[in-house]
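Biologist: Got a minute to go through this one with me? I'd like to talk about how the chains meet and about any odd backbone spots.

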Protein chains: 2
Amino acid sequence: MRIVSLAGGIGGARFLRGLRAAAPSAEITVIGNTGDDITLFGLRVCPDLDTVMYTLGGGINEEQGWGREKETHVVKEELAAYGVEPQWFGLGDRDFATHIVRSQMLEAGFPLSQITEALCARWQPGVRLLPMSDDRCETHVVITDDRGRRAVHFQEWWVRLRASIPAESIALIGAETAKPAPGVLEAIEEADVVILPPSNPVVSIGTILQIPGIRDALLPKTVVGVSPIIGGAPVRGMADACLTAIGVETSAQAVLDLYGADLINGWLVAEEDAEVSLDGVVVQARPLLMHDPDSTRAIAEATLTLANSLNP
Amino acid sequence: MRIVSLAGGIGGARFLRGLRAAAPSAEITVIGNTGDDITLFGLRVCPDLDTVMYTLGGGINEEQGWGREKETHVVKEELAAYGVEPQWFGLGDRDFATHIVRSQMLEAGFPLSQITEALCARWQPGVRLLPMSDDRCETHVVITDDRGRRAVHFQEWWVRLRASIPAESIALIGAETAKPAPGVLEAIEEADVVILPPSNPVVSIGTILQIPGIRDALLPKTVVGVSPIIGGAPVRGMADACLTAIGVETSAQAVLDLYGADLINGWLVAEEDAEVSLDGVVVQARPLLMHDPDSTRAIAEATLTLANSLNP
């Protein structure tokens, strides 16, 4: 069985761990969001790719959901001692090594997809991890603060401001000319089923869908999504702030409407959202809280069961 | 009083601490060797400049003489876990931050001299630290090993091979077209005295003297040197391996001859080398072992006393 899953960061990575457990013999290709990538201190940081890689590779800080376990922060403290900005992004020492390797390979001319493969040679995530694109695309957010109306990098809004200032708009800079990374369209073409984990529908899944060619490639496939909204609130993170920015209600129904019946064939919602419906989409209600590996695996199994039932 | 001192790494840095103590009201400009600079993991490392900066700024690992105190090595271990080479160069986490800041500024287009000034804004070394040149010059060493006759970077010979394979020749790549960094020739011009610490006469002091214009600028000045050789052996390090490579005996006399009477006006040797002499050079014998801050200060005071006695 060949599975393609799109993925953002923490929620997506945890879901993927369940998916791998639910389908141990499947070939799983993960198309990772790179819209929240950022260059810090001259080093290229890919938070979502790394969260997937560390989570599936056994190196994640389980408690916070991102970054490395047993992490230290000497380099960050030293950079702060030099007065170097930004100081609001939490890079640990172990994590720095990943960014150093990646940046050195980028400098040497390797594309991000090959670099990700090289990094995964260490982590052995048990899935094939592809960036959505080798081209640099970064999500920016328009806000108005005491410095006026301006666009800031997604990470500044998300991490520094904790999304406390409303986003007036969200744009993926560079999307128009970006190409899917090598292997992305081929993996979709060959996939038996495509899964959308409960990642952020705007700045994770929505970002991947903006890369020209990816959404079109998904339309003929059997696509099953897991709602990232339960009873009107995000499962985790601040997806509501992103949905509000693009004029979409924070509900399992609204996210399904956003994705659209042309893309989605099956939609898993939580039991309190059982009334969600859309013509042409099979909606099923299931417990959707990823409490632990077992409950996460059960959700992943439900997506596969639904997908298989929809497959011709 | 205006003092210019050339400097290599550990020995030079310790001497400079003594010089600063011996002449607390002097304006001291240090011209630092950058011939052993190296790019590792995409980051620009300047071992000698950093050793001077950390030593005079109170951040040095006193025991080993280079690197930061209370150092950790998480980043290096992680890079090794990725299989990234080289693994023989000992970069600590605190030290990494310095190289990250430097590399980011280089990438932004700043010259090394301005970067060094920016780094010193934190460390406050109490001297003006200038790189010998903003142009990239790197010392390479020709060796013959099981891979044949080849040139390796100085650090590979010095750190990885511990100079265990004879150097057939030593060359400063890039020297012909390098220019002294801004301020170097002006500082020499304005100096009352110039001091050569007991740094390596080949790959530290000798390197600085190879930058076109520096040696010529020194010729009319009162220059006093401290022999790096005591009784036929280097005070520290492996200067003998470097001297042998250029066909010079490891002796206080031979190093003085190498520098030449056109450059040197005064030469401090250890008491067992009291017979050293060269026409036109005033040679004085003194205890030259830098046991501790007090003995180091006494050596520095002796250089200044000798220099002042030679000044018109």
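## Chain contact and backbone oddities

Biologist: Where is Arg162(B) placed in chain B?

Modeller: Keep in mind that this is a predicted model. Phi of Arg162(B) is near 50°, so to speak a positive value in a residue other than glycine. As for its place, Arg162(B) sits in the loop between helix H6 (154-160) and strand S8 (169-173).

Biologist: Is Arg162(B) buried or exposed?

Modeller: Count the neighbours: 11 other C-beta atoms lie within 10 Å of Arg162(B). The cut-off for exposed is 12 or fewer. Because of that count, Arg162(B) is exposed.

Biologist: Which element gives the most to the side of chain A that touches chain B?

Modeller: The contact takes 20 residues from chain A and 20 residues from chain B. On the chain A side, helix H3 (74-81) and helix H4 (93-107) each supply at least two residues. With nine residues, the one that gives the most is H4(A).

Biologist: How are the two copies related?

Modeller: Chain A superposes on chain B by a rotation of 180° with 0.0 Å of shift along the axis, at RMSD 0.0 Å. The two copies are thus related as by a two-fold rotation axis.

Biologist: Which residue of chain A comes closest to the rotation axis?

Modeller: The copies meet through the same surface, because 100% of the interface residues of chain A are also interface residues in chain B. As for the axis, the closest C-alpha of chain A is at 3.6 Å, and it belongs to Asp93(A).

Definitions and conventions
Residues numbered from 1 in each chain as written. Chains lettered and ligands numbered in written order. Predicted model: local features only at pLDDT ≥ 70, side-chain atom pairs only at ≥ 80, totals over all residues. Contact = placed C-beta atoms within 7 Å. Helix = DSSP H or I, 4+ residues; strand = E, 2+ residues; numbered from the N terminus. Least-squares fit on C-alpha atoms with pLDDT ≥ 70 in both. Buried ≥ 20, exposed ≤ 12 C-beta atoms within 10 Å, placed from the backbone.
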